[in-house]
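Thanks, everyone, for making the time this morning. I would like to walk through one model with you, beginning at its surface and then moving inward, and I will take questions at the end.

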Amino acid sequence: MNKAIKSLKLILVLIASVAITSCVQDDDYTIPNSLGDEENKSLTSLLETGNELTFAEVKALYQGGEFIEAVDTNDYVKGYVSSSDQTGNFFKEFFIQDSPTNPTSGLKVILNQVDTYNQFNLGREVYISLQGLFIGEERVGNGVTTIGGGTETDQFGTTVSSLNEIQIRQKVLRSTVTEELTPLNLGLTAINGSHVGVLVKVENVEFADDEIGLNYFDPIEVFDTQRILQDCRGFTYPQFILETSSFSSFKNEPLPIGNGSVTAVVSKTFDGASLILALNSTDDVNMDSARCSLLDPADFSNLFSEDFEGMSTGATVSGNGWTAYAEEGTYNWRALTTTDSGNPGPGNKIASMGAYNSGVPVNIAWLISPSIDLDSQELTFINFQSSNNFDDDSELELLISTDWDGNLSTITNSTWTSLPGNIVSDDTFYQDWVDSGLINLSNYSGTAYVAFKYVGGDNSGNESPNTGTIDGTFEIDNYRVLGPN
């Protein structure tokens, strides 16, 4: 009797195994189209009762520090999945961006789950219920805003930890919508920290000459391999890191040797020190064109130049299309000679801004260039020199806008994007003049303005609190716009 029962059980197990196997064909990992009733009900309830936060508002919930509090309000954030772990290049994480087209921000989600692409597929619209979850960094100081399910503290500080399987089921809710993401078109030099988590496309790029013949992953590495992408639309080779995990399925594929485009997610190295690109798949690498050549400076000439010599010494910079604007404080950009500014030199004029002796804790001043018609030539570059006076930790940002209308009242309401360029650091007295290099504006179109934004302050006169001063001075000279002859 027992033998008959055991034989019957074995037959039933074999039949069940065959039935289960027949339900999923080999290599058939089709994304499920339907959602469970529980997930639908949870999402409906969240949308009816919760408050939607923007990505900026979510990021503002974390300001750094050693202690991270759980979100205690019924808030949620909506995003679209921008990364995929199908090839193994991402692990127990995915990124979301704020829009399927023209995204402006991204967030990272860490979770105790692998093969998330089966559930949170590329382009999937997800709603994350934030109540009871934590906003912070996965690693102290890496600068990547991350949504997690708990916190961990060690000698370096407090970080967020992964969502567990219950939190994933209750807090990360899919809609039925899967959008086709349109990558944000950027040049290598235009990628900055605001793009972390965003799917971008860089064109006219190639792998560095000394990496031809190599694979995506170096077998002597343990975790990640960095390969260098370069852009040769200018006079030099701007470079950027493409990083590949040792767990990726394409790690042994050879790097393409041609020129073309790469679509990838902007991320950061493990320590957060550098921005990188991370592939979802090598299907997003299209480099079938011939390798490119650098431009010849002899083929370009000045479309506009400014040495500030025609401006009144000591007066606010004005004329010749320039705009000087004091956003906070009364100090503004002035035309000075190098001898008047304290910076050794032959006495030529410069544009100068510093908060020394301003008597106010915050000084923000803008120096905005004349307009640049970027549609009148295929390639446009800017170049300038910068120097400093004092070393009190003030800041100078280099920005560009294509939607400013030229009015003072709309400066701070317009969109300003960081430009790459070498700017003198404010950590040494009276440094030599630093050349910015040729800064390529070909990623922008329409009418553009370039701005030098100074941020400093003089708090030395305040008894309490006395935070000291950040009143160093920055100086600009020999600004020029170059275009083809």
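V222, F223 and F247 together make a nonpolar surface patch of about 390 Å², and I should say at once that what we are looking at is a predicted model. Of these three patch residues, let me take F247, which sits in the loop between β14 and β15 and is exposed, with a relative accessible area of 64%.

Now, what about S246, which lies in the loop between β14, residues 239-245, and β15, residues 259-268: is S246 buried or exposed? With a relative accessible area of 10%, S246 counts as buried, because the cut-off for that word is under 20%. The side chain of S246 reaches the backbone oxygen of V222 at 3.1 Å, and V222 is, as you will recall, one of the patch residues. Leaving aside residues up to four places away in sequence, S246 touches F217, V222, F223 and K251.

Let me turn from the loop to the interior. The largest nonpolar core has 65 residues, and L277 and W333 are those with the most contacts inside it; strand β12, residues 199-207, gives the most to this core, contributing five residues. If we again leave out residues up to four places away in sequence, the residues that L277 touches include V200 and V202, F240, I241 and L242, and also A264, V265 and V266. There is, finally, a second and separate core of 26 residues, which includes I96, L111, I128 and V172.

Conventions:
Residues numbered from 1 in each chain as written. Predicted model: local features only at pLDDT ≥ 70, side-chain atom pairs only at ≥ 80, totals over all residues. Heavy atoms only, no water. Core = buried A, V, L, I, M, F, W, Y, C linked by side-chain atoms within 4.5 Å. Buried < 20%, exposed > 50% of the residue type's maximum accessible area, 1.4 Å probe, protein only. Helix = DSSP H or I, 4+ residues; strand = E, 2+ residues; numbered from the N terminus. Contact = heavy atoms within 4.5 Å. Polar contact = N/O pair within 3.5 Å; in protein donor to acceptor, adjacent residues only side chain to side chain. Patch = residues over 30% accessible without salt bridge, like charges linked within 9 Å, V, L, I, M, F, W, Y side chains within 5 Å. Areas by Shrake-Rupley, 256 points an atom, 1.4 Å probe, with all protein chains shown as cover. Salt bridge = Lys/Arg side-chain N within 4 Å of Asp/Glu carboxyl O.
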